[in-house]
Every structure is written in structure tokens, then in C-alpha cells.
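Colleague: Could you take a close look at one loop for me, and then walk me outwards from there? I'd like one connected account rather than a list.

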Amino acid sequence: MTAVENDADVIVVGAGPGGSATAYHLARHGARVLLLEKTEFPREKVCGDGLTPRAVRQLIRMGVDTSTEAGWLHNRGLRVIGGGVRLELDWPDLASFPNYGLVRTRLDFDELLAQRAVVAGAELRTGVNVTGPVLDADGRVIGVEAEAGPDKAPATFHAPLVVAADGVSGRFPLALGLAKREDRPIGVAVRRYYRSPAKHDDDYLESWLELRSKESGDNLLPGYGWIFGLGDGRVNVGLGVLNSSSAFGKTNYRRLLTDWLANTPEDWGMTDEANAEGPILGAALPMGFNRVPHYTRGVLLVGDSGGMVNPFNGEGIAYAMESGELAAEIAVQALARPAGVERERALQAYPVELKARFGGYYRLGGIFVKLIGRPEVMRMATRHGMPHPTLMRFVLKLLANLTDPRGGDAMDRVINAMTKVAPAV
């Protein structure tokens with residue numbers, strides 16, 4: 001067989017947060033990285049735009065300036081609204097995570113991370129749509145086929161390893177026969193931007209556990225909502241519905257959003273269509289490792305491509321970036337070994353470590369999703385749990401996955417013990 005000349009040590013498909021984090025950490029370790037992105041920057045992406053301290057930690061690990069002077073809106077914690085209670089919960093003070101969250105639109109957030117990868121030494125090519133894998137005689141992936149540029153000229157790139165960070169669509173893993181698992185949680189979220197002088201510079205992320213419209217009266221609308229200030233005169237407003245809800249797949253989510261917003265105070269600006277900026281856009285939230293295996297035949301799955309959204313809170317960016325850093329570390333170790341059995345042994349550590357880090361936690365998240373999909377459980381939880389700040393601080397730590405792994409307080413020890421005891425997904 002004729003040897004091919006590799007264009008890189010690793011090809012990363014997709015320059016979202018997961019792909020850019022992977023490329024950054026690979027390049028920082030000296031690997032030759034080709035980062036392929038099908039769109040051009042800046043580009044919009046459907047997201048809540050809110051980052052918990054878990055995601056902030058990953059930004060800091062990439063050398064990102066997270067100061068307000070650099071265009072970030074800081075937040076102190078989470079404001080939870082439900083059960084007739086309005087509760088403000090500050091992010092916990094921990095050794096392992098910063099005590100602040102951030103908000104920034106994806107319009108320039110993704111480009112900022114991609115440029116960090118470029119500064120570290122990765123080669124970024126935009127306008128390159130990867131269409132499928134290049135396989136050797138043994139069925140191992142040794143590169144990618146793509147369409148490049150406005151004329152969609154066919155192109156082929158070779159590398160001994162490929163990282164699929166192509167998001168929820170997961171076209172690359174699908175081409176390898178890796179379909180989504182239907183027994184794992186999945187959500188659908190819709191969001192829209194509104195001009196809102198009253199809410200735009202909020203120093204808390206706002207989460208609504210109960211949604212009502214003017215017509216629904218005491219009857220709850222399905223799903224949960226959020227209002228995140230952007231600090232520039234606008235807010236990101238959205239809602240999510242989980243597949244454990246009877247309304248999943250049977251509801252007009254865009255209508256659901258406007259019905260809920262019609263019931264918000266008029267001075268917030270969300271009852272007036274004239275304050276809206278852009279259409280209501282939606283996206284799926286692949287949760288709880290809903291695509292596996294995370295390593296096969298020379299390909300590592302990162303972020304949404306591997307179904308790594310947190311089932312407890314719908315957060316995806318932190319886990320995309322964490323899995324990207326882990327994939328990079330393991331890929332570098334693997335590439336230092338001879339191709340064959342030794343390299344494969346190193347690469348198999350990736351799914352093992354992912355499962356060790358998040359498997360038990362995601363198992364608990366799957367149980368949580370099933371419970372809150374029942375309106376009577378959700379109603380009881382909000383009415384009896386919300387009035388107890390200590391309990392809610394525990395819930396915040398659990399939902400946001402913010403604990404110190406060693407030491408920590410009693411809450412940390414309980415949550416860490418729960419995730420260890422739970423069988424990994």
C-alpha cells in the first residue's frame with residue numbers, strides 16, 4: 001500500500017468551542033493541527049450564551065481574557081424563579097472553579113476561541129465542509145473528504161487521527177455508523193434576542209422553573225425558561241423542553257416562547273414584537289453520552305458530537321471544551337507511540353476517562369430528566385424545595401456540577417459520593 005503524506009498530526013472537524021479547545025491544546029503540546037470549519041466567522045449559533053464557572057475555568061485554561069474590559073458580562077450566580085419564590089443563589093466559592101459566570105454571544109465567542117487555537121499554532125481553514133471520512137484497507141480513518149471554498153471544490157486531507165467536533169448533527173460520526181442512542185435524554189431549545197434596557201445588565205443568570213401564559217392560568221406550560229442579560233441593551237431569552245415531557249415533539253416551541261413572554265412585565269420589553277432582534281431559532285441538546293463509542297477507528301468524538309450536554313442544566317460548552325482538552329492530551333500521548341497496538345491502547349483511554357469523569361453524574365442526570373418530565377413532580381419540587389435556601393444551594397451545586405473533588409464542604413462530599421455510587425452510563 002502506498003504511504004500517504006499527512007497534512008497534519010490531527011484533523012479537527014468543526015471550530016465550535018469543543019473543536020477549538022481541542023486544537024488549542026493539541027497545538028500547545030506541539031502537534032500539527034488542521035482545524036476545519038464549514039462556515040465563515042463571525043457566525044450565529046443557537047445557544048443561551050450563558051457560561052457557568054465550569055466553562056469559565058476552561059476559558060482561563062486557554063488563556064482567554066475574561067475581564068469586563070475584554071467584552072464579557074460577569075454574573076454572580078443564578079436567580080431561580082418558581083413555586084411563587086424568587087431566589088438568588090451565588091456561585092459557590094471553590095478551589096476548583098472561579099466564583100463567577102459569564103455571558104457573551106456566540107457571534108464572536110466561537111471566533112475568539114478559534115483564534116486562540118491559531119495563536120497556539122493550529123491551522124484554521126474556514127469554508128471547508130467535511131463530507132466524510134477517508135478509510136484505509138482496514139476501515140480505519142486516515143483523513144477526511146471535504147468541499148472547500150465557494151465553488152465547493154473537492155478536497156482530501158490526511159492525518160493519523162481525526163477529532164469529530166461537528167456538533168449536534170454529528171455528520172462525521174454518522175458516516176461511520178455511529179447513530180444517536182434513543183435511550184438517552186435529549187432536549188430542544190429555542191431562543192431569541194430582545195432589546196431590554198430593564199434586564200440587559202443583570203448580574204445573575206435567570207432561570208424560570210415554571211412557565212405560564214396569560215391564557216394558561218394555573219396550568220403550567222411545558223419546559224423551563226431563561227433570561228440572560230448581554231450587557232449591550234439586549235437579553236437572550238429562551239426555553240427548553242426535555243424528551244421526558246409529554247409535550248416533547250408535539251408542541252410549537254416558538255409559540256410557546258411568545259406565550260410565556262406575553263406574561264412578563266411590559267417594561268422588560270419582551271411583550272412587544274418591535275423589541276425583538278432576529279427570528280426565534282431552535283436547536284437540539286444531545287445529552288448524557290447519547291452517541292458512543294467516543295473513540296473508534298482513529299476518531300475521537302468531542303462535545304455535542306458525542307452527546308455531552310449536561311442533562312441537569314442543558315450546559316454544553318463547558319463539556320465540549322473539557323472533552324476537547326482531554327482528547328488533545330490523549331491524542332498527544334498516542335501519537336508519541338508507534339502506530340498499531342501501542343497507539344490504540346493509549347487512545348482507548350479516552351472513553352474510559354470520559355466515563356470516569358462524567359458517567360455517574362450523567363446517570364443521575366438521566367434520572368433527574370425523567371422525574372422533572374412529570375408535571376406533578378416538578379410542581380411539588382418547586383413548591384417544597386424553593387423556600388429552603390440551603391437545599392437550593394445544594395441543588396445549584398448538583399445542577400451546575402460545581403464541587404471540589406477533594407475536601408470541600410459536606411454538600412460537595414454528598415454530591416461526589418452520589419456520582420461515584422451511580423453506575424456510569
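Modeller: Asp49 sits in the loop between E2 and E3, and keep in mind that this is a predicted model. Its phi is positive, about 70°, although Asp49 is not a glycine. Most residues other than glycine have a negative phi, and most peptide bonds are trans. Asp49 has a relative accessible area of 1%, so it counts as buried.

That loop has something else to show you. Pro42 is also found between E2 and strand E3 (50-51), and the peptide bond joining Phe41 and Pro42 is cis, with omega about -5°. A cis bond turns up again from Val292 to Pro293, where omega is near 0°; Pro293 belongs to the loop between strand E17 (276-286) and strand E18 (295-296).

Back to positive phi: Lys152 is a residue other than glycine with phi near 55°. You'll find Lys152 in the loop between strand E10 (141-148) and strand E11 (153-158). Its relative accessibility is 57%, so Lys152 counts as exposed, whereas Asp49 is buried.

Now for E2 itself, which leads us to helix H1 (residues 17-28). Strand E2 (33-37) is among the elements covering the buried residues of H1, and the cover also includes strand E1 (10-13), H2, helix H3 (106-120), strand E12 (161-164) and helix H6 (317-335). H1 is mostly covered, with 11 of its 12 residues buried. Among them are Pro17, Gly18, Gly19, Tyr24 and His25. The helix reaches 16 Å from its first C-alpha to its last, close to the 16 Å expected at 1.5 Å a residue. Just after H1 comes Gly30, with a positive phi of about 95°.

H2 is worth following too. The loop between helix H2 (53-61) and strand E4 (73-75) holds Thr66, which is buried because its relative accessibility is 8%, under the 20% cut-off. Leaving out residues up to four places away in sequence, Thr66 touches Leu59, Ile60, Trp72, His74, Tyr100 and Leu102.

H2 also takes us to a domain interface. The domain assignment gives domain 1 (10-75 + 97-182 + 288-365), domain 2 (186-286) and domain 3 (372-421). The centres of domain 1 and domain 3, taken over C-alpha atoms, are 29 Å apart. Contact involves 12 residues of domain 1 and 8 residues of domain 3. Between them the two domains bury about 880 Å², 63% of it on carbon and sulfur atoms. The rule finds 0 salt bridges across this interface, while 6 residue pairs are in polar contact. On the side of domain 1 that touches domain 3, the elements giving two or more residues are H2 and helix H8 (349-372). H8 gives the most there, with 4 residues.

Going on along the chain, helix H9 (residues 375-385) includes Ala381. Its relative accessibility is 45%, so Ala381 counts as partly exposed. Ala381 and Gly83 are 298 residues apart in sequence, but 8.5 Å apart in space, C-alpha to C-alpha.

Last stop, H10. The 12 residues of helix H10 (residues 389-400) should span 16 Å at 1.5 Å a residue, and the end C-alpha atoms are 16 Å apart, so the two agree. Its buried residues are Met392, Phe394, Leu396, Lys397, Leu398 and Ala400. H10 is followed by Asn401, another place where phi is positive, near 55°.

Note on methods:
Residues numbered from 1 in each chain as written. Predicted model: local features only at pLDDT ≥ 70, side-chain atom pairs only at ≥ 80, totals over all residues. Heavy atoms only, no water. Buried < 20%, exposed > 50% of the residue type's maximum accessible area, 1.4 Å probe, protein only. Contact = heavy atoms within 4.5 Å. Expected span 1.5 Å × (residues − 1). Domains from an automatic or database assignment. Buried area = accessible area lost by both parts, 1.4 Å probe. Salt bridge = Lys/Arg side-chain N within 4 Å of Asp/Glu carboxyl O. Polar contact = N/O pair within 3.5 Å; in protein donor to acceptor, adjacent residues only side chain to side chain.
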